2 protein chains.
Amino acid sequence: MLNFNFYSPTYFAFGKEREKETGKLVKRFGGTKVLIHYGGGSVVKSGLLDRIKKSLQNSGLSFIELGGAVPNPRSGLIYTGIELCKEKNIDFVLAVGGGSAIDSAKAIAVGALYDGDFWDFFTGKTIEKALPIATVLTLTAAGSEGSASMVITHENGMLKRGGYSDLIRPVFSILNPELTYTLPPYQTAAGVADMMAHVMERYFTNTKNVELTDRLGEAVMLTIINETPKVLKNPKDYEARANLMWAGTVAHNDICGAGREQDWASHKMEHEFSGLYDVTHGAGLAVIFPAWMKYVMKQDILRFAQFAVRIWGCEMDFQNPENTAREGIERYEQFMKSIGMPTRLSDLGAKVEDIPMLIDKLQLGDKTLGSFVKLTREDIRKIYELAV
Amino acid sequence: MLNFNFYSPTYFAFGKEREKETGKLVKRFGGTKVLIHYGGGSVVKSGLLDRIKKSLQNSGLSFIELGGAVPNPRSGLIYTGIELCKEKNIDFVLAVGGGSAIDSAKAIAVGALYDGDFWDFFTGKTIEKALPIATVLTLTAAGSEGSASMVITHENGMLKRGGYSDLIRPVFSILNPELTYTLPPYQTAAGVADMMAHVMERYFTNTKNVELTDRLGEAVMLTIINETPKVLKNPKDYEARANLMWAGTVAHNDICGAGREQDWASHKMEHEFSGLYDVTHGAGLAVIFPAWMKYVMKQDILRFAQFAVRIWGCEMDFQNPENTAREGIERYEQFMKSIGMPTRLSDLGAKVEDIPMLIDKLQLGDKTLGSFVKLTREDIRKIYELAV
């Protein structure tokens, strides 16, 4: 086990009608002038935005609104949000929505206290301060409601990049599973693919003897696999939505990564892909991940066999563990297919001839990608080819 | 699943030599004048206390010391600590040791900002403020390094009672597994019994559909069972000590209790017992818990069968699940025995004739104990009798 820090200070208010406590919680965590940031119309149409505004008013808080965050959130709206915060002396950013609204809000919260270009923090600069940020979650997927990370696409070059700091962990997050009832099956399933990937990026590691972290990750994956079909069958199954929603948070607050080297090559390969074609992040991951797994499997056959046995209930082939390892990957692919996810990048609009451009967009230079296997440009090309 | 709040804001600095960062962390979390609170001589003899003092000095922090916290920590020293804090304008309490030193330090941190008797907070009063508290952990067991609770024995009547507030969750905890190398086998095993109990108090519940919380608890229990024999065989097995130490924290920061009714009857029955006879808390739990399980099992045979199958690898008896349930309890008892824990209360000095007194000390009045089965005085008597 490696030395690690684990820090997940977010206050999670989980359950039915918890959004009514928004005002009380903003006050508890020191906000007075709030920017409410959200995406499209569903937050407005459903009446959720009104309920939240009422809660803020009841607590005597002032606020302004900024809607329009899109999937794979863009830099343009973030510059607008930052201006707005500076102009109106905003001291608290409240995101209402899924990972896109939250990540966009995080970038605004960071930029609001910075004189330069917020994009600096996506190209290597360390975040030193940020406005407090909180969330009311409506989409189970990104885990951004409890994470220290954000992913933004810059419109100049459509580069999709991540930023990271404990300062952008939400001070509170409200998780009401009922708010996810209206999520269409495709978005629900893409969320599931993202959640699975958040665990797997941490699970496939070269660090030995991380028994507890392994088993916690397995707990999350088993829950996701168990609950997803129930949710797809009955979108208003509260219990299944609730387990899935909490799994999405635990998958990404880093308890599943404690004490070990993490990989994240698949996420980065997917980012270039969804940055370019603007497909749903989870759908891209559903396709990239099995290709990555097949390509790197031989690095640690027994770890993939463990994944097959403990997660998919495969029988261990002690004569030839590679068979078990392969079976686990196949079961993962079948599961993704069964919940309506694509299995080929071409289903998502990718073309073989775009692969060199996808690799270029990673801007690797002399570096490699990932840690489980350190991928060269050539490795990455082969993985994209396996996935097309 | 029930509505819940999950809040575990502690910054965990985990790994080798992390105690060297004590000063830096105290500073990060706002401390300037520190009370270092610890137990017996081992912290001094091992040189740990000196390393910590040096770290505080290097960060330019002033401090005073108060040693002498004992297992089942007593009220007397807490009154002394509170006086000291008030007199010296202490603004940060640092516990060095195991659950006893930490709980004693938590009570001091609460009492230091209160004009009345700190015991009020153990008899129903709500905690409204406390000095920030942090820990350097040397004993894997109580989980107090990440929990919102403390347990103190008042010398007037030897009543053992708990206090609870998010305000006493440590702001940081340093977990270096090497600091647990010198822990004797009996104390190591008693810690294991305590950790298992922290999960089981939450695991045996009437709340349905708490899939993720179930599986997270199972992850912790499986890890404990897997790692304990390694630690007893080789006390300096870093990896096993590390997994066990992290399991002790996760067992009790309430991630294993999210969204469900918890029980805690066994803990309360044990508290009266160890308050009276001054035995090690974990050893008492090792004996009380199987008696409780046998007594309440019929409340939910399939939950006990799940415990047997998923934790102990028992084969499910589909014809008669009660057999499986019983086998799980037996396997738990065998495990406790195999690690050197007692199996009868009489091994710990208890006498049948003391049972009425133990029940009286619970001061139940008209109330019942626990939630999985609401135990009457008569139920409690039978459980104590099963355990003697």
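What follows is a walk through a predicted model with chains A and B, from the domains of one chain to the sheet that runs across both.

To begin with chain A, the domain assignment splits this chain in two: domain 1 covers 11-179 and domain 2 covers 183-387. Their C-alpha centres sit 26 Å apart. Where the two touch, domain 1 of chain A puts in 20 residues and domain 2 of chain A puts in 28 residues. On the domain 1 side of chain A, the elements that give two or more residues are strand 1 (4-14), strand 6 (149-154) and strand 7 (159-164). Sorted by class, that side of domain 1 of chain A is made of eleven nonpolar, six polar and three charged residues.

Next comes the sheet. Strands of a sheet pair through backbone hydrogen bonds, and they can do so either parallel or antiparallel. Here, twelve strands make up an open sheet with mixed pairing. Reading across, the order is 3(A)-2(A)-4(A)-5(A)-8(A)-1(A)-1(B)-8(B)-5(B)-4(B)-2(B)-3(B). At the edges are strand 3 (62-66) of chain A and strand 3 (62-66) of chain B, each of which pairs on one side only. From one strand to the next, the twist averages 25°.

The two chains meet within this sheet at strand 1 of chain A and strand 1 of chain B, which run antiparallel and are joined by nine bridges. One pair to look for is A:F12, whose bridge partner in strand 1 of chain B is B:F6. The contact between the chains as a whole takes 35 residues of chain B and 35 residues of chain A. On the chain B side, strand 1 (4-14), helix 7 (211-233) and helix 8 (238-250) are the elements that give two or more residues. Helix 7 of chain B has the largest share of that side, with eleven residues. By class, the side of chain B that touches chain A holds 19 nonpolar, nine polar and seven charged residues.

Further along the sheet in chain B is strand 5 (residues 133-137), which is mostly covered, with five of its five residues buried. The cover is on both faces: B:I133, B:T135 and B:L137 are buried on one side, and B:A134 and B:V136 are buried on the other. Strand 5 of chain B also has a parallel neighbour in strand 4 (residues 92-97) of chain B, joined to it by five bridges. In this pairing, B:V93 has B:I133 as its bridge partner. The other parallel neighbour to mention is strand 8 (residues 172-175) of chain B, linked to strand 5 of chain B by three bridges. There, B:V136 is partnered with B:I174.

Helices come into the picture too. In chain B, strand 4, helix 5 (residues 99-111) and strand 5 together make a right-handed β-α-β unit. In chain A, helix 5 (residues 99-111) lies across strand 2 (33-38), strand 4 (92-97) and strand 5 (133-137) of that chain. Helix 5 of chain A runs at about 165° to strand 4 of chain A.

Finally, at the chain B end of the sheet order, strand 2 (residues 33-38) of chain B and strand 3 of chain B run parallel, with five bridges between them. In this pair of strands, B:H37 stands opposite B:L66 of strand 3 of chain B.

Technical notes
Residues numbered from 1 in each chain as written. Chains lettered and ligands numbered in written order. Predicted model: local features only at pLDDT ≥ 70, side-chain atom pairs only at ≥ 80, totals over all residues. Domains from an automatic or database assignment. Contact = placed C-beta atoms within 7 Å. Helix = DSSP H or I, 4+ residues; strand = E, 2+ residues; numbered from the N terminus. Nonpolar A, V, L, I, M, F, W, Y, C, P; charged D, E, K, R; others polar. Pairing = 2+ DSSP bridges. Axes fitted to C-alpha atoms, helices over the stretch in contact; angles between N-to-C directions. Buried ≥ 20, exposed ≤ 12 C-beta atoms within 10 Å, placed from the backbone. Right-handed = clockwise from strand over helix to strand, strands pointing away.
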